[in-house]
Every structure is written in C-alpha cells, then in structure tokens.
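Please open the model in your viewer and keep the selection tool at hand. The tour moves from one stop to the next, saying what to select and what is there.

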Amino acid sequence: MESIQAVRGMNDILPGQIEWWQKVERLAREVLENFGYREIRTPVVEKLELFSRGIGESTDIVEKEMYAFADRKGERLALRPEATASVVRAYIQHNLQADPITQKFFCLGPMFRHERPQKGRYRQFHQIDAEAFGSDDPMLDAEIMYMLRILLERLGLTGVVLHINSLGCPECRKTYRNVLREYLLKQADAFCPDCLRRRDLNPLRVFDCKVERCQSLLEAAPMLLDSICSDCAAHFDKVKIYLDGLQTSHVINPRMVRGLDYYTRTAFEVVTDQLGAQNAVGGGGRYNGLVRDLGGPDLPGIGFAVGMERLILLLQQGQEAQRRMPKVFLAALGDSARHKGFFLTQELRTLGIETEMDYEGRSLKSQMRRADRLNVGHVLIMGEDELAAGRIQLRDMNSKEQFLVPVEKAIEMLKESYLKTIRQDFFP
Ligand code: ATP
Ligand code: MG
C-alpha cells in the first residue's frame, strides 16, 4: 500500500535532531527567565480576525501566507502565523496587566505560513517569542535586544549582525507615507505588480518586497528614518546610547521595515550571511498601538521572534548529528538469563541509570557489538553460569577491565559511577 507522507513544508523532528531543539529550548527558557520573562502558551488556532486586525490586512503574512479556514460551524479561524497577536490577545483577555505595569512573557512553539518550502523556510516552523508590555522606556528596547544577543551568545552563535531602525509613530508615518507614494508614482512602471498595489494601500510595505529590481529602485527613495518626529528621534537616540552602554554592536538600517504593520518606533532584526536568502534569524520591535487596537488598554509593547529552525541550521553547520546514548548495556545469553536481565534493566532505569538491553534474542557477540556502537560506559554480561552463582560480569568499556561480581555489588558500582556525579548534560 502507498505510504502517507507528511504535509509539504512540515517536518518531523527525529532523535539525532531533537537534542538540538532541547538544547535551544532549555537555554532560551534559562536566558529569558533570567531577564524576567515568564512562559505563556497560547492555542495554535485563533480567530482569523485576530491576525488580520493585528498583523495588518495588506501584509504578506495575512494576504498570502496564512492558513485560514472555516470550521464545521463556519467560524473563520487561522493557524497562527506568529505569536505576538496571540500573546496580546491573552494579555488582554486575562487582564494580565498588573503592578508593576511592565509585564514580560515568552512563548515557544510552532507557527504556520504557506510559503515556498526551502532551506530555512518551512510551512510549520518554530519560534522563540518574547513580549514586554507596559513601558515605552528606551531602556526596555535596548534590554530586549541585549537579551537576544545574550541568548545567541549562550547558544554559541557567531557572525550575526543586529540591524536597527525606527519606524516612527503613526503621526510621523502619515506625512512620510505621502512622500514615499509620490516617489513611487514617479517610477510607476518599474515596480512589480505587488508593489504597485502596496503603493496605494500601504506604501511602506514596498521595502519588504523580495523582488531584487524593486529593492534597487528603492535605493534612492526617501527614508522614513530621516523624517521621524523629534520625540521618536529622541527615543531612538536613547536606544542607541543604551545599546552602546551594553556593548551591543548594531548597524542602523533605514530600509528595514519588518513584515508586520503593528510596529512603531524601534524595529530590529538579527541577520546572518550563512543561510542564503533566509538571512533573518530573528526580528522584532515596538508595537505601541497594538494592545489598544486589539481591544485592550492603551499600553505600549515590544517583542521579538527568533526562528528556531534557522538557529539550529546555524548551530549545526559542520557538526555531526548527535544522539543521546545510554550509560549501560545489559547483554544476556540464554532464556533464564534474559529473563533476569530484563528485570535488572528496569531496576537500573528506575534508579536513574540509562540502560539498554537486547529485545531480539541475539548472540552475545552481536549484543556486544551493539553495546560498542551505543558507546556505553559499562556492559553487564549475564550467562546461565553467572546466573546460577548470583553473579554478573561487569565490563568497563573504557578501561576494558572486566570483573565477576555479585549482582548487588554490580548495581552498587554502577550507582557509584553514574549517580554520584551530577548528571552531565549531553551537550557541554
Ligand atoms: P523572512 O523575511 O525570512 O520571510 P519574516 O520577516 O517573515 O522572515 P518574522 O515574521 O520576523 O519573519 O519572524 C521571525 C523569525 O521567524 C524570522 O527571522 C525567521 O527566523 C523565522 N521565520 C519566519 N518565517 C519562517 C518560515 N517560513 N520558516 C522558518 N522560519 C521562519
Ligand atoms: Mg516572511
């Protein structure tokens, strides 16, 4: 019968890969909690309107990439394409604004976008998402970018660059929008059909166009950063000063507008030159109107999202896939020895010592070969003779020494080896 394949662009994460995910998730939790962010988990499915209102109708995400559907009752729903809108919804719905006003949350999990699958771009992908509500202080902008930097450093990632920009407030954007539209009108035919549509609908979006020709036409375009109001400019100056104080190097990139409409003032992106076209590892920014626009109090917010697949691709470059290995292998020969060995294996596992055994009744030689492949520290060898004497062979696979000892003694020795030391993590 023909086998059923996974949905295109949606990946299984298998043993050998999962260790990277676990490492990234563990470090992310550690770093984010250290900076005062608390974990929140929201549903993968939300009402469609949350994203069309939150992210913006004319963004690529909402227009082209969202998995939107009607459920059996005809309710318009969507698989979440990003987490910010969901976290804001939960923040409002559960009245999470508290004392102090500044509240920080993070969220790890899958997101869904119908894009063309390629390296670093999938239809189900995962993000580490951080959101802070309640303060417009530029300290918070600098802090969240610093936290992102520390996270990437803790992961051992090098060669990434932080780009920052200010997208101003709705007020400074209003005037700029017209200036930009006029510029775009002057070279109307040259832009792609998408950009021509964007020009009328939401001209800032043209900067997000992936078409090279459009990008080169924008080189002479007026920049939003040059026309932001004095309040926004002062805010941006302070962000830069704090970043400098935190020795967090950054590049000012006036073309970076981000793919979501809700950003105001600070926008940032961490980019790499090691992933081809998929050069953004993560990005974020301020969204001072979003909580209000989604029906909540008029409180500012700032956040970022990092793509976990891209992170892991970078981490893995040049490194072998690794998998977690057991510490002990139990090799048994003969029915009654296998019987006894089965119970001993469970006893060791229950004690907290990772132990593996043979379930297929293979020869001792092939069991020993498997133990070798698994790279275990010790092998317990049990044959009918040993069993009759209540003893077992304990072989140290590093020193190749082997002792015939009472079963109880072998257990004691293994406890000594594996339970005295604090369990070393697989990844150093
Ligand atoms: P890109 O420009 O590459 O499409 P984006 O601006 O759409 O990225 P964001 O919405 O800012 O991405 O999401 C934050 C991060 O999530 C990205 O920097 C990236 O690492 C990751 N990401 C976004 N879309 C995908 C995807 N389809 N597959 C894998 N990772 C993704
Ligand atoms: Mg995208």
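How are α5 and α9 oriented to each other? They are oblique to each other, because angles under 35 degrees count as roughly parallel, over 145 as roughly antiparallel, 65 to 115 as roughly perpendicular and the rest as oblique.

Before going on, note that this is a predicted model, in which local features need pLDDT of at least 70 and side-chain atom pairs count only at pLDDT 80 or more, while totals for chains, interfaces and linings use all residues. Residues are numbered from 1 along each chain as its sequence is written, chains are lettered from A and ligands numbered from 1 in the order in which they are written, and side-chain values use heavy atoms, with hydrogens and water left out.

**The helix pair**

Select helix α5 (residues 138–154) together with α9 (helices, H or I, of at least four residues, and strands, E, of at least two, are DSSP runs numbered from the N terminus). The two pack at an angle of about 45° with their axes 8 Å apart, where axes are lines fitted to C-alpha atoms, for helices over the stretch in contact, and angles run from 0 to 180 degrees between N-to-C directions. The contact (heavy atoms within 4.5 Å) is made by Pro138, Met139, Asp141, Ala142 and Met145 of α5 and by His235, Lys238, Val239, Tyr242 and Leu243 of α9.

**The sheet**

Next, select the open sheet of 8 strands, whose order is β1-β5-β6-β11-β10-β9-β7-β8 with mixed pairing (two strands pair if DSSP finds at least two bridges between them). Its edge strands are β1 (38–39) and β8 (251–252), each of which pairs on one side only.

Within this sheet, strand β7 (residues 160–166) and strand β9 (residues 264–272) pair in the antiparallel sense over 7 bridges, and asparagine 165 has alanine 267 in β9 as its bridge partner. Helix α9 (residues 230–245) packs on the sheet, where it touches β7, β8, β9 and β10 (280–286), and its direction makes about 155° with that of β7. Now add helix α1 (residues 18–34), which lies across β1, β5 (103–112), β6 (124–133) and β11 (301–307) and runs at about 160° to β5.

**Two backbone details**

Zoom in on arginine 265, which is in strand β9 and has a positive phi of about 50° although it is not a glycine. Then move to proline 100, in the loop between α4 (84–93) and β5; the peptide bond leading to proline 100 from aspartate 99 is cis, with omega near 0°.

**The two domains**

Zoom out and colour domain 1 (18–169 + 228–318) and domain 2 (328–426), bounds that come from an automatic or database domain assignment. Taken over C-alpha atoms, the centres of domain 1 and domain 2 are separated by 48 Å.

**The last stops**

Select strand β15 (residues 391–396) and strand β16 (residues 402–406), which pair in the antiparallel sense over 5 bridges. They form a hairpin with 5 residues between them, and lysine 400 in the turn has a positive phi of about 65°; arginine 395 has glutamine 402 as its bridge partner in β16.

Finally, select helix α12 (residues 335–351) and helix α15 (residues 407–419), which pack at an angle of about 30° with their axes 11 Å apart and are therefore roughly parallel to each other. Their contact involves Leu344, Glu347, Leu348 and Leu351 of α12 and Val407, Ile411, Leu414, Lys415 and Leu419 of α15.
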